[in-house]
Amino acid sequence: MATVQFKGIVKKFGDNLVLNGVDVDIKDHEFVVIVGPSGCGKTTLLRMLAGLEEITDGEILIDNLLVNELHPSKREIAMVFQDYALYPHMTVEENMNFALRLRKMDKAEIASRVAEASNVLQLNKFLKRMPKQLSGGQRQRVAIGRAIVRKPKVFLFDEPLSNLDAKLREEMRVEIAKLYQRLNATIIYVTHDQVEAMTLAGRIVIMNHGIVQQVGSPIEVYRKPCNLFVAGFIGSPTMNFMTGKLALEGEALFFKNEDIKLSIPPYLLSDAKKHDGREVVLGVRPDDVLVERDGEKCSDKVQGVLEVCELLGHRENLYLKVGGMRVLATVEAFFNRSPGSAVTLCFNYKNMHVFDKATESRISE
Ligand SMILES: Nc1ncnc2c1ncn2[C@@H]1O[C@H](COP(=O)(O)OP(=O)(O)OP(=O)(O)O)[C@@H](O)[C@H]1O
Ligand SMILES: [Mg+2]
């Protein structure tokens, strides 16, 4: 398998600067997931690594070898696309062995590789079928099989499951996790799906505006997003944000705006004096908004009004209004209160996030 390094990668399409200095080091046998808004350059980055797109500036290394000028066929990379891109006039078997036949590989070796891949992906029954006779999930398995038989150094997946329905996506997600363990492969995987990113990734790369915002394990980027963008992007439902000012009263630090006043514990922001007067954005995940109910009591109470309640199953989304602010709380079902009723809530201080309003960078520890 292989390491991959992106060093100062820049990509321009005409005047359009799409990637503006991307640096990422991917270790051997790592599963790296790239996320970011539509148009931020994820596919372009994969295509550059595969050799399908010219590099405007910077260097790409595979196993410490500079590949900027290396022909795609020599890079030992296989890419699996969102739309499968199967050859419609070939059977499943022909789709899978096409690249190997092109390489004039020994027939016995081809047969053994295809057999191995179709076993792993449970495609044996479908080998003689045409792509149009397969379901979406089966087609995607063929596309993955076609990549596996080549025994590439690196697998690139570009939103491979986004055309599948929710149930199938879940199944294929687990299949990909198993495949990863089995193949000992280095994988770079692009997705818009939070669950795929959190569950599959060893590390997540979050991109925006052509630059890498943060790289870290799923739990690191979830617990300690380095800026407002990452905080809003990772986690579903989205984090609540409240704009206000930090104010020192005696020795204690508070967050204040027109609607609320909350104490900021010293473990969130030590050296309270330094922050007096600072304009900040406070972030609280919906899971960390607690509501007062059956026996549970809130400390540092805030008063709100319930606007809408969404039942998700064992959890519930409560859309609350606190003064002029909107706050979403995700709580255990059933809250059993009608819209318009008053709700007492509080925030889990341990998991609060404080960002500087001007720089948008995280300032809480
Ligand atoms: N061949 C091209 N010529 C000109 N512009 C391009 C080309 N390919 C991509 N772009 C532009 O580059 C930017 C990044 O595109 P890219 O496909 O990499 O985004 P993405 O992050 O994969 O988005 P999505 O999540 O929607 O797939 C977009 O603004 C896109 O319009
Ligand atoms: Mg894309």
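Trainee: How many cavities of 30 Å³ or more does the count come to?

Mentor: This is a predicted model, in which local features need pLDDT of at least 70 and side-chain atom pairs count only at pLDDT 80 or more, while totals for chains, interfaces and linings use all residues. Side-chain values use heavy atoms, without hydrogens and water. A cavity is a set of points on a 1 Å grid over the protein atoms alone where a 1.4 Å probe fits but cannot get out. Of 30 Å³ or more, the count is one cavity.

Trainee: Which residues line the largest cavity, and how many of the lining residues are charged?

Mentor: Lining residues have an atom within 4 Å of a grid point, and here they are Val35, Thr191, His192, Asp193, Gln194, Ala197, Phe233 and Ile234. Asp, Glu, Lys and Arg count as charged; Ala, Val, Leu, Ile, Met, Phe, Trp, Tyr, Cys and Pro as nonpolar; and the others, Gly among them, as polar. The lining has four nonpolar and three polar residues, and the number charged is one.

Trainee: Which helix gives the largest share of the largest nonpolar core?

Mentor: A nonpolar core joins buried Ala, Val, Leu, Ile, Met, Phe, Trp, Tyr and Cys residues through side-chain atoms within 4.5 Å, where buried means under 20% relative accessible area, exposed over 50% and partly exposed in between (1.4 Å probe, protein chains only). The largest core has 45 residues, with Phe31, Met96, Ile144, Ile187 and Tyr189 making the most contacts inside it. Helices (H or I, at least four residues) and strands (E, at least two) are DSSP runs numbered from the N terminus. The largest share, five residues, comes from helix H4 (residues 136-148).

Trainee: How many residues apart in sequence are the parts that Arg203 and Glu30 tie together?

Mentor: A salt bridge places a side-chain nitrogen of Lys or Arg within 4 Å of a carboxyl oxygen of Asp or Glu; between Arg203 and Glu30 the closest N and O atoms are 2.4 Å apart. Both residues are buried. Because Arg203 lies in strand S9 (residues 203-208) and Glu30 in the loop between strand S2 (16-26) and strand S3 (31-35), the parts tied together are apart in sequence by 173 residues.

Trainee: In which helix do Lys178 and Glu175 both lie?

Mentor: Their closest N and O atoms are 3.6 Å apart, forming a salt bridge. Lys178 is partly exposed, at 46% relative accessible area, and Glu175 is partly exposed, at 26%. Three residues apart, about one turn, both lie in helix H5 (residues 166-183).

Methods:
Residues numbered from 1 in each chain as written. Chains lettered and ligands numbered in written order. 1 Å grid on protein atoms, 1.4 Å probe; cavity = no way out; pocket = protein on both sides within 12 Å on 5 of 7 lines; lining within 4 Å. Points joined across faces, edges and corners; volume = space filled by probe spheres on them.
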